[in-house]
Amino acid sequence: QVQLVESGGGLVQPGGSLSLSCVASGGAFDYYSMAWFRQAPGKERHIVAAIARNGVNTYYADSVKDRFTISRDNAKNAVYVQMNSLKSEDTAVYYCAASVTVYLSDVVRDQSKFGYWGQGTQVTVSS
């Protein structure tokens, strides 16, 4: 089984940037499709971005397109999300997740396909 640990959350002003990291252990990292989800207070958890095993194919929620960039380094067992032009509505707990499903088109619409989750890291966008 793979264990996931996120880091990099914090407080940032609107318009600022933040980078989150997620390091995996206990499994063959390049076997997993990876994603970032977020959950704002009182709201459901939603996918933010996803990246395929090969690191080439990616998916972004409309709300973060052109602002967030997901990437992975299979040699370091890590996935990242660079968040730019942050808005107050980006405030949420951000979770890293892993799926054994190969195709992003299959996982981005079904959270149940992500079998492994990190503990989450808080991102607060506020002046």
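Which residue forms a salt bridge with Arg-38, and how far apart are the closest N and O atoms? I put this to the structure before anything else, keeping in mind that the model is predicted.

**Entry 1: salt bridges**

I found that Arg-38 forms a salt bridge with Asp-90, and the closest N and O atoms of the two are 2.8 Å apart. The partners come from distant parts of the chain, since Arg-38 belongs to strand β4 while Asp-90 sits in the loop between β8 (78–83) and β9 (92–99), 52 residues apart. I then looked up how accessible each one is: Arg-38 is buried at a relative accessible area of 13%, and Asp-90 is buried as well, at 0%. I noted the cut-off used here, under 20% for buried, so Arg-38 with its 13% falls on the buried side.

I went on to the rest of the list, which holds four salt bridges for the structure. One of them joins Asp-62 and Lys-65, with 3.2 Å between the closest N and O atoms. In that pair Asp-62 counts as exposed at 64% relative accessibility, whereas Lys-65 is partly exposed, with a relative accessible area of 43%. Another joins Asp-110 to Lys-113, the closest N and O atoms being 4.0 Å apart. Here I recorded Asp-110 as partly exposed at 28% relative accessibility and Lys-113 as partly exposed at 35%. I also noted that salt bridges with shared partners join Arg-38, Arg-67 and Asp-90 into one network.

**Entry 2: aromatic rings**

I searched the whole structure for aromatic pairs and obtained five. The one I examined in detail is formed by Phe-37 and Trp-117, a tilted pair at 4.7 Å centre to centre with 55° between the planes. Phe-37 lies in strand β4 (residues 33–39) and Trp-117 in strand β10 (residues 116–117), so this pair ties together parts that are 80 residues apart in sequence. When I checked accessibility, Phe-37 came out as buried, with a relative accessible area of 1%, while Trp-117 counts as partly exposed at 25%.

I also traced a cluster in which ring pairs link Tyr-31, Tyr-32 and Tyr-116. Tyr-31 appears again in my notes on charges over rings, for the charged end of Arg-53 sits over the ring of Tyr-31, 4.6 Å from its centre. A further arrangement of this kind places Arg-45 over the face of Tyr-95, at 5.8 Å from the ring centre.

**Entry 3: the largest pocket**

Which residues line the largest pocket? I listed Arg-38, Gln-39, Ala-40, Lys-43, Glu-44, His-46, Ser-88, Glu-89 and Thr-91. The volume I noted for the largest pocket is about 170 Å³. Sorted by type, the residues of its lining divide into one nonpolar, four polar and four charged. Arg-38, which I had already entered as the salt-bridge partner of Asp-90, is thus written down a second time, now among the lining residues of the largest pocket.

**Entry 4: Ile-47**

Is Ile-47 buried or exposed? At 11% relative accessibility I entered Ile-47 as buried, and I placed this residue in strand β5 (residues 45–51). I also looked up the separation between Ile-47 and Val-107, whose C-alpha atoms are 9.7 Å from each other although the two residues are 60 residues apart along the chain.

Note on methods
Residues numbered from 1 in each chain as written. Predicted model: local features only at pLDDT ≥ 70, side-chain atom pairs only at ≥ 80, totals over all residues. Heavy atoms only, no water. 1 Å grid on protein atoms, 1.4 Å probe; cavity = no way out; pocket = protein on both sides within 12 Å on 5 of 7 lines; lining within 4 Å. Points joined across faces, edges and corners; volume = space filled by probe spheres on them. Nonpolar A, V, L, I, M, F, W, Y, C, P; charged D, E, K, R; others polar. Phe/Tyr/Trp six-rings, centres within 6.5 Å; stacked < 30°, edge-to-face > 60°. Helix = DSSP H or I, 4+ residues; strand = E, 2+ residues; numbered from the N terminus. Buried < 20%, exposed > 50% of the residue type's maximum accessible area, 1.4 Å probe, protein only. Lys NZ or Arg CZ within 6 Å of the ring centre and 35° of its normal. Salt bridge = Lys/Arg side-chain N within 4 Å of Asp/Glu carboxyl O.
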